Amino acid sequence: MHKKIAKHNIEKLACLLAATLLLTSCCTLVSAKTVKIRGTPGSIEAGSTMLLDGFNFPELIYRISDDLSYEWLNISFAKNGTINEGDASYTTKLYKKSPKREIMFMGSKYHSLDPDNADTLTKIFKSFGSDDKKIMSIGDVWELDQNYTLTVSGIDQDGEKATLELAKNSDVVEFTVIEAGNAFEYKIDIESTDDIILFTCKVDKVLRGTNSSIVVLKTVRHYSDTPFILETGDEFGDFKVTSITNDTIEMKNSKTISCSLDKTIDLLDDWIKLKVSSKGYWGYVYSEEILECPECPELVEVSSATESTVIDSTIQNTTASNISDDTGTNSTVAAILPVTSAATPSATSAVTTGTEQPAVLADAGGAGIAPHTLPAPCTASLFGLFAILALMMNISKNKK
C-alpha cells in the first residue's frame, strides 16, 4: 500500500517537474534581442554579382498590389571580396505617387515634398490606407507626433459641420469649420517650396446624436515639419548620392570596398551590412531591427536560420501522436501546444498602413528569417502544459 502511494506521489512530482521545465523554457524565449533580416546568400568571388530587391531581401520595399520592387541593391565583385568604386549601387523609387509621393530611403519611409525633384524628404508619421478611419467625439484630443494635437471642438446643431483645431505645443496653428466630404489641411512654406501640406484628413462623416456626437476622419496623412534636403555628392558610409530625379534617388560606392573571410562590413552606414563566410567567398547582406510587443514584458528572440537549420512553420500546427502504455492501449494526444491569437509585434522603424512591406522570408531555402513569426505567448502555452499534466496523471492511473 505504501509503495503504491509512494509511486503515485513520485509520478505526480515528475509530472509537475516536467510542466515546470516546459514553462521555464517557454518563458526564457522572451528576451530583448536584435533580429537580422537577411537577403539571399550568394557568391562574392571575382566576376560574381549580387542583385537584391524586395523579392529576395525583405528590407527593401515590395508592394504586393503592384507585384513590383521599388528598391534595389546591386553589387559586382571585381576580385574575391572586392567591390571597385562605382560597382555597388543603391536605387530607390517613389512607390506611391501624387499626391502621397512616398519613397523609402535607407530603411525609413518618407514623403517627397517637391513634385519636380525627390530631393526634399520628410518623415511619414501617419498615412492611412483606404479602409482606415479615426472616430472622434466632441472634446477628444488626438495626440500626434512632434507635439501636434487634433481636437474636435464642436459640431453644429444640424450635424453637418465640425470644428477642427490643429495645435502644436498647445498653440493653435490651424482652425476651421468643415462639412462632411471636405478635406482639412495644414500647410507651411519650407525652403523654396510653398504650401507644403504637413497634415491633412478627410472629414468622412459628421453625426450628431442625442447623447453623443462624432466625427469620422479618413485619408489621414501627417508628415514631419523638419525635412532634410538631399544633394548630389552627399555621402552615407562608403556610398554617395549620384543622381536625383523627380521620382528616383541613386547612390554608388565612392571608394573600393574589401571584404575578408569571416568578417562583417558596413555597406550603407549602419543600415545594411555584408557578412562573409569563414569557409569561402560567399555571404549575405542583412539589416537589423528590434521587434516590439507592447503586451509582452520583454522582447521576443527570433533566431535566424543557418546552413544546418530550417525554419519550419508547421511547428505551430495542431499535431497528434500516439502514446502506448503498459496495458497495450493507445491514447491520442492532440494539440500539445495550442495556437492562439496573439498581438503581432511591429518593428520600430516608421510604419504606415498598407500592404507595401515585403515577404518576410528570403528566397534561399530557409537561409533567411521571418521577423514577424513569433511563438505563442507563455500564458497561452499554459493550457498545453496543463493538458500534458492531466494526460500523464491519467496514464499513471491506468497503470494501476
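This report describes the overall make-up, the strand pairing, the nonpolar cores, the salt bridges and some unusual backbone angles of one protein.

## Overall make-up

The structure is a predicted model, and the values below were computed from it. Its secondary structure comes to two helices and 31 strands. Of the 400 residues in the protein, 41% are buried, and the accessible surface comes to about 21200 Å², with 50% of that area belonging to carbon and sulfur atoms. When contacts between residues at least 6 apart in sequence are taken together, 52% of them join residues at least 24 apart.

## Three paired strands

A good place to begin reading the fold is a run of neighbouring strands, β14, β15 and β16. Strand β14 (residues 148-155) runs antiparallel to β15, and seven bridges join the two. One of the pairs can be followed by name, as Ile155 has Ala162 in β15 as its bridge partner. The hairpin of β14 and β15 has five residues between the strands, and in this hairpin Gly159 takes a positive phi near 70 degrees.

On going further along the chain, β15 is joined by eight bridges to strand β16 (residues 171-179), and these two strands also run antiparallel. Here Thr163 has Val177 in β16 as its bridge partner. The hairpin of β15 and β16 has two residues between the strands, and Asn169 takes a positive phi near 55 degrees there. In a regular strand the side chains alternate between the two faces of the sheet.

## Nonpolar cores

Which residues have the most contacts inside the largest nonpolar core? They are Phe105 and Leu267, in a core of 35 residues. Several elements give two or more residues to this core, including β3 (49-53), β6 (71-76), β9 (102-105), β22 (239-244) and β25 (264-268). Phe105 itself touches Tyr90, Thr92, Tyr110, Leu121, Phe228, Leu230, Phe236, Ile249 and Met251, if residues up to four places away in sequence are not counted. Apart from the largest core lies another one, of 27 residues, among them Leu166, Tyr186, Cys201 and Val215.

Cys201 is buried, with a relative accessible area of 1%, and Cys259 is buried as well, at 6%. The count of disulfides in the model comes to zero.

## Salt bridges

Side chains of opposite charge can pair when their charged atoms come close. A search of the whole structure finds six salt bridges, and the table shows three of them.

| Salt bridge | N to O distance |
|---|---|
| Asp66 and Arg63 | 3.3 Å |
| Lys96 and Glu102 | 4.0 Å |
| Asp225 and Lys168 | 2.6 Å |

The surroundings of these residues can be described one pair at a time. In the first pair, Asp66 counts as partly exposed at 33% relative accessibility, whereas Arg63 is buried, with a relative accessible area of 14%. In the second pair, both Lys96 and Glu102 are buried.

The third pair, Asp225 and Lys168, meets at 2.6 Å from N to O. Asp225 lies in the loop between β19 (213-223) and β20 (228-229), while Lys168 lies in strand β15 (residues 161-168), so the pair ties together parts that are 57 residues apart in sequence. Asp225 counts as buried at 17% relative accessibility, because the cut-off for buried is under 20%. Lys168, by contrast, is partly exposed, with a relative accessible area of 24%.

## Unusual backbone angles

Most residues other than glycine have a negative phi, and most peptide bonds are trans. Against this background, a few places in the model deserve a closer look.

Where does Pro99 lie? Pro99 is found in the loop between β8 and β9, and a cis peptide bond, with omega about 0 degrees, joins Ser98 and Pro99. Arg101 lies in the loop between β8 and β9 too, and this residue has a positive phi of about 45 degrees although it is not a glycine. At 10% relative accessibility, Arg101 counts as buried.

Asp262, in the loop between β24 (257-258) and β25, is a residue other than glycine with a positive phi, near 60 degrees. Is Asp262 buried or partly exposed? Asp262 is partly exposed, with a relative accessible area of 45%.

Note on methods. Residues numbered from 1 in each chain as written. Predicted model: local features only at pLDDT ≥ 70, side-chain atom pairs only at ≥ 80, totals over all residues. Heavy atoms only, no water. Disulfide = S-S within 2.5 Å. Buried < 20%, exposed > 50% of the residue type's maximum accessible area, 1.4 Å probe, protein only. Salt bridge = Lys/Arg side-chain N within 4 Å of Asp/Glu carboxyl O. Helix = DSSP H or I, 4+ residues; strand = E, 2+ residues; numbered from the N terminus. Pairing = 2+ DSSP bridges. Core = buried A, V, L, I, M, F, W, Y, C linked by side-chain atoms within 4.5 Å. Contact = heavy atoms within 4.5 Å. Areas by Shrake-Rupley, 256 points an atom, 1.4 Å probe, with all protein chains shown as cover.
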